[in-house]
Amino acid sequence: MPDKEIRFALHPERLGPMAERDMSDAQKAAVKSIMSGPRGHMGGPFSALLRSPELMNRVQKVGEYLRFQSPIEKRLGEFAAIIAARHYSQQFEWWAHYRQAVEAGLKPEIGDAVREGRRPTGMREDEEVLYDFLTEALKNNGVCDVTYARTVEQYGEAAIIDLLAIAGYYGLLALVMNVARTPVPEGSALPLPALPVRMAPL
């Protein structure tokens, strides 16, 4: 049996796409709302989120702002998204946003380092500040004064909130998709390797 077939046999998708005949009126309205917005499609986390249509409406509006209206440059927004995807080891999220990050101008080798759990080299100053800020925030559930001051100086207070919101938004979607076992598109290999396990000192 091919690896992909084994993977789905061992870990079948939960909370997958719903047939329209099985949807409530609220779910049908939520689908219509997302289809008429800038995304124009369902899929990814929204198949699972549709089980709670009012929450899906509110969550997707946050994502619509962060992806299409936030003043954060797309290169940086997508960099923040893949940092969150790697933190939560979310395969679909990485599959979707690594490509977009590179298309927006992030060097592929920077994304590759994040994929492997390494601190990237060769980052621009704004990328380095963002990386240090979000990785520290995700690891420690906060940041120290030095990191905070450096990030405020680089981005300003409003942008800090948007960057944290990007990490939090994709963190939410990552948890939903990890529990739902949302697959990457058929034929795509899993893009994220397992990270090495740190052994406790003897």
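Good morning. I begin at the N terminus of this predicted model. Over residues 1–9, pLDDT stays under 50, and for this stretch the model has 6 contacts beyond four places in sequence. For the protein as a whole, the mean pLDDT is 89, with 92% of residues reaching 70 or more.

I turn now to the interior. In soluble globular proteins, nonpolar side chains tend to be buried together. Here, the largest nonpolar core comprises 48 residues, and F79 and L130 are the residues with the most contacts inside it. Helices that each supply at least two residues of this core include α2 (25–35), α4 (53–68), α5 (74–87), α8 (125–140) and α10 (157–180). Of these, α10 provides the largest share, namely 11 residues.

Let us look at L130 in more detail. Which residues is L130 in contact with, leaving aside its neighbours within four places in sequence? They are L76, F79, A80, I83, Y155 and L163. F79, the other residue named for its contacts inside the core, is thus itself among the contacts of L130.

My last residue is L106, which lies in the loop between α6 and α7. Is L106 buried or exposed? L106 counts as buried because its relative accessibility is 2%, and the cut-off for buried is under 20%. Beyond its neighbours within four places in sequence, L106 is in contact with R75, F79, I82, A101, G111 and E127. F79 therefore appears in this list too, as it does in that of L130. Finally, L106 and R119 are 13 residues apart along the chain, and their C-alpha atoms are separated by 15 Å. Thank you.

Notes. Residues are numbered from 1 along each chain as its sequence is written. This is a predicted model: local features need pLDDT of at least 70, side-chain atom pairs count only at pLDDT 80 or more; totals for chains, interfaces and linings use all residues. Side-chain values use heavy atoms; hydrogens and water are left out. pLDDT is the predictor's confidence in each residue, from 0 to 100. Contact means heavy atoms within 4.5 Å. A nonpolar core is a set of buried Ala, Val, Leu, Ile, Met, Phe, Trp, Tyr and Cys residues joined through side-chain atoms within 4.5 Å. Buried means under 20% relative accessible area, exposed over 50%, partly exposed in between (1.4 Å probe, protein chains only). Helices (H or I, at least four residues) and strands (E, at least two) are DSSP runs, numbered from the N terminus.
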